[in-house]
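Here is a small set of exercises to work through with the model open beside you. Try each task yourself before reading its solution.

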Amino acid sequence: MGDAAVRSIEERGIKVECKPEIATAENLADALIATGSLDSVKMVVVTGDLNRDTLVKKLEEEGRAIVDCMPLYRTEKLDLSDHPAADDFRERGADAILFASSSAVEAFTAQAGGLALSAKAVRPVAGSIGPQTSATMKKVGMPINFEAKEPGLDALVEALVKNFRAKGQARKRALAEAGGGVQPARAISMNVPFLDLSRAHGALRSEILASFAETYDAGRFCLGADVMAFEADFAQATGTKNVIGVGNGTAALHVVASALGLGHGDDVVVPAFTFIASAWTASYVGARPIFCDIDARTFNATAETIAAALTPATKAIVIVHLFGQAADMDPILELAAARGIPVIEDCAQAHMATYHDRPVGTMGTAGTFSFYPTKNLGGVGEGGAVVTNDDTVADAVRLRRVHGSNVRYRHDAIGYNYRLEGLQAGALRVKLRYLAEWTARRRQIAARYRDGLSLTDTVVPQPTEWGDSVYHQFTILHPQRDALRAHLTAHGVGTDLIYPRALHEQPCYAEVRPAVGTSPVAERTATTCLSLPIFPELTEEEIDHVITTINAYRG
């Protein structure tokens with residue numbers, strides 16, 4: 001490591017078996033191996049010119065695996081644009097940030113939005129290598145928990161030894177007492193994307209392009225024969241009398257709310273844990289969303305949570321079949337019928353899901369679907385549909401879909417430009433033919449996850465007695481969600497947080513926000529949920545990698 005680094009280590013009573021004269025990434029690897037520091041490193045953020053790839057390669061040559069997370073990160077490459085620095089580094093599980101140059105400090109500060117980092121954000125060590133770096137850190141308001149006496153890699157080694165070795169020994173003892181040992185996670189050996197639409201689109205390219213060509217040549221761009229054909233196909237697939245294609249899933253919710261006459265002074269019950277568009281059902285027509293809690297097992301609202309949110313002004317209930325799992329509908333329908341309240345089924349994530357063999361969307365007053373590209377049945381752009389067995393509601397929706405007009409230049413209601421495009425309808429007709437096959441594959445992957453995941457304290461979704469999910473998402477719960485996600489990211493597994501904030505906690509609903517704790521299950525779920533890859537084209541090897549990586553997590 002060089003004389004300064006060796007002296008720094010030996011002053012602490014630690015024997016140095018590797019004493020390179022030149023400080024390089026390879027020699028750093030030798031020093032880390034020799035001192036045993038890797039056994040106690042969780043994650044270190046390092047800036048400067050150290051070559052991470054060289055370091056990792058050297059460690060692999062020595063037969064050492066990367067422990068838990070990547071041991072080195074270049075701060076200059078971190079994207080902190082979406083989070084305050086403190087949140088970002090809590091999520092990544094970093095134990096130290098070691099600044100190796102003043103330019104690195106400036107780059108970090110710029111990416112963090114110019115925030116002056118607190119000691120809590122940079123925990124437990126913010127290390128400086130050299131006086132110039134220290135001066136820059138002080139200038140931007142960063143705390144300095146450790147400052148090297150002289151420049152060089154000795155500062156890095158000192159921080160590693162001083163701050164992690166005791167922690168690592170304690171961890172070893174805890175694992176040994178539990179009957180295990182230090183089990184280092186593997187370095188990245190495979191990348192598993194959270195979602196890869198190109199796999200499905202590549203396989204269907206010729207069929208979809210052929211449908212485009214037919215629509216293009218016929219000039220059927222807005223509504224027309226392609227849309228009518230898709231509406232007929234989807235009506236047969238869902239067992240619904242009326243299907244009205246619209247521009248997107250949000251438009252579907254809006255036009256149903258308008259068709260039902262919802263407006264100012266009305267309350268609409270909406271689950272507190274779902275995508276924001278479900279709440280737009282109320283907001284777009286001037287009504288007030290009243291948020292209800294969810295069931296921890298299904299992520300859906302129940303008759304009990306809805307009943308607790310009813311008010312004298314309640315004029316509609318939005319029930320979301322979240323992540324592809326049908327809600328427990330019979331008690332909800334009974335509750336709504338007793339009060340004469342219409343039920344709007346938001347089926348954006350639940351194409352072909354059933355409740356006691358009844359398709360979702362067909363049980364309430366109306367159902368709405370999204371065909372956004374990421375959905376189980378997704379287009380190659382925007383698209384949506386309203387389904388209903390009520391002819392009066394269907395007529396009102398069709399009227400509003402095209403500017404409130406059924407006769408050219410005569411407008412009988414305030415309407416919208418919510419037409420489904422012919423090109424999208426053609427692509428959806430192609431994809432609809434494969435939906436049953438894709439759904440079966442999603443259920444196979446879900447079963448693999450259920451059978452394979454064994455990480456302690458992990459809650460895994462289970463089929464309900466009224467029907468299995470169609471698994472738009474496979475969302476697990478874990479008390480160390482953020483650290484687990486960082487672990488998966490470090491090992492090439494894509495994940496997503498769907499959703500990281502309950503709807504009643506959104507800034508746009510500050511005026512109607514209930515007190516914290518009003519929807520405790522929704523609030524807790526938002527902080528512990530983690531969605532895993534589950535698109536149909538995942539390979540068995542990719543599924544194995546996801547399962548193995550999660551089970552290897554040690555916290």
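Contacts (heavy atoms within 4.5 Å) between residues 24 or more positions apart account for 71% of the contacts in the protein with a separation of 6 or more. This is a predicted model, in which local features need pLDDT of at least 70 and side-chain atom pairs count only at pLDDT 80 or more, while totals for chains, interfaces and linings use all residues. Residues are numbered from 1 along each chain as its sequence is written, and side-chain values use heavy atoms, with hydrogens and water left out.

**Exercise 1. Find how many helices and strands the protein has, and what percentage of its residues is buried.**

Step 1. Run DSSP and number the runs from the N terminus, taking helices as H or I runs of at least four residues and strands as E runs of at least two. The result is 20 helices and 15 strands.

Step 2. Compute relative accessible area with a 1.4 Å probe on protein chains only; buried means under 20%, exposed over 50%, and partly exposed in between. Of the 555 residues, 55% are buried.

**Exercise 2. Describe helix α15: which of its residues are buried, what do they pack against, and what lies at its ends?**

Step 1. Helix α15 covers residues 391-401, and its buried residues are Val 393, Ala 394, Ala 396, Val 397, Leu 399, Arg 400 and Arg 401.

Step 2. As background for the spacing, an α-helix has 3.6 residues a turn, so residues three or four places apart point the same way.

Step 3. List the partners: the buried residues of α15 pack against the helices α10 (225-238) and α11 (249-259), and against the strands β5 (242-246), β12 (366-370) and β13 (384-388).

Step 4. Look at the ends. Asp 390 caps the N-terminal end, with a side-chain oxygen 2.9 Å from the backbone nitrogen of Thr 392. After the helix comes His 403, with a positive phi near 60 degrees.

**Exercise 3. Identify the residues that touch the most other members of the largest nonpolar core.**

Step 1. Build each core as a set of buried Ala, Val, Leu, Ile, Met, Phe, Trp, Tyr and Cys residues joined through side-chain atoms within 4.5 Å.

Step 2. The largest set has 48 residues, and those touching the most other members are Phe 230, Phe 234, Ile 306, Ile 319, Met 329, Val 360 and Phe 371. Among the elements giving two or more residues to this core are α10, β7 (288-292), β8 (314-320), α14 (329-339) and α17 (435-452).

Step 3. Zoom in on Phe 234. Not counting residues up to four places away in sequence, Phe 234 touches Val 243, Met 352, Phe 369, Phe 371, Leu 377, Val 387 and Leu 432.

Step 4. Check for another set: a second, separate core of 46 residues includes Ile 294, Tyr 499, Ala 502 and Ala 522.

**Exercise 4. Survey the empty space: how many cavities of 30 Å³ or more are there, and what lines the largest cavity and the largest pocket?**

Step 1. Lay a 1 Å grid over the protein atoms alone. A cavity is a set of points where a 1.4 Å probe fits but cannot get out; a pocket is an open set with protein on both sides within 12 Å along at least five of seven lines; lining residues have an atom within 4 Å of a point.

Step 2. There are 6 cavities of 30 Å³ or more. The largest has a volume of about 150 Å³, and the second largest about 110 Å³.

Step 3. The largest cavity has 16 lining residues, with Leu 197, Ala 200, Lys 375, Asn 376 and Arg 442 nearest its centre. Helix α8 (197-203) gives the most to this lining, with 3 residues.

Step 4. The largest pocket has a volume of about 580 Å³. Its lining comprises 36 residues, of which Gln 349, Thr 374, Lys 375, His 472 and Tyr 499 are closest to its centre.

**Exercise 5. Decide whether His 504 and Tyr 509 are buried or exposed, and list their contacts.**

Step 1. His 504 lies in the loop between α18 (481-490) and α19 (520-528), and Tyr 509 lies in the loop between α18 and α19 too.

Step 2. His 504 counts as buried because its relative accessibility is 1%. Tyr 509 counts as buried because its relative accessibility is 6%.

Step 3. Leaving aside neighbours within four places, His 504 is in contact with Ala 272, Phe 291, Arg 513, Pro 514, Ser 519 and Glu 523. The side chains of His 504 and Glu 523 make a polar contact at 2.8 Å. A polar contact is a pair of N or O atoms within 3.5 Å; within protein, one must be able to donate a hydrogen and the other to accept it, and residues adjacent in sequence count only if both atoms are side-chain atoms.

Step 4. With the neighbours within four places again left aside, Tyr 509 is in contact with residues including Ile 276, Trp 280, Pro 289 and Phe 291. The C-alpha atoms of Tyr 509 and Pro 289 are separated by 8.9 Å, although the two are 220 residues apart along the chain.

Note on methods: Grid points are joined across faces, edges and corners, and a volume is the space filled by probe spheres set on the points.
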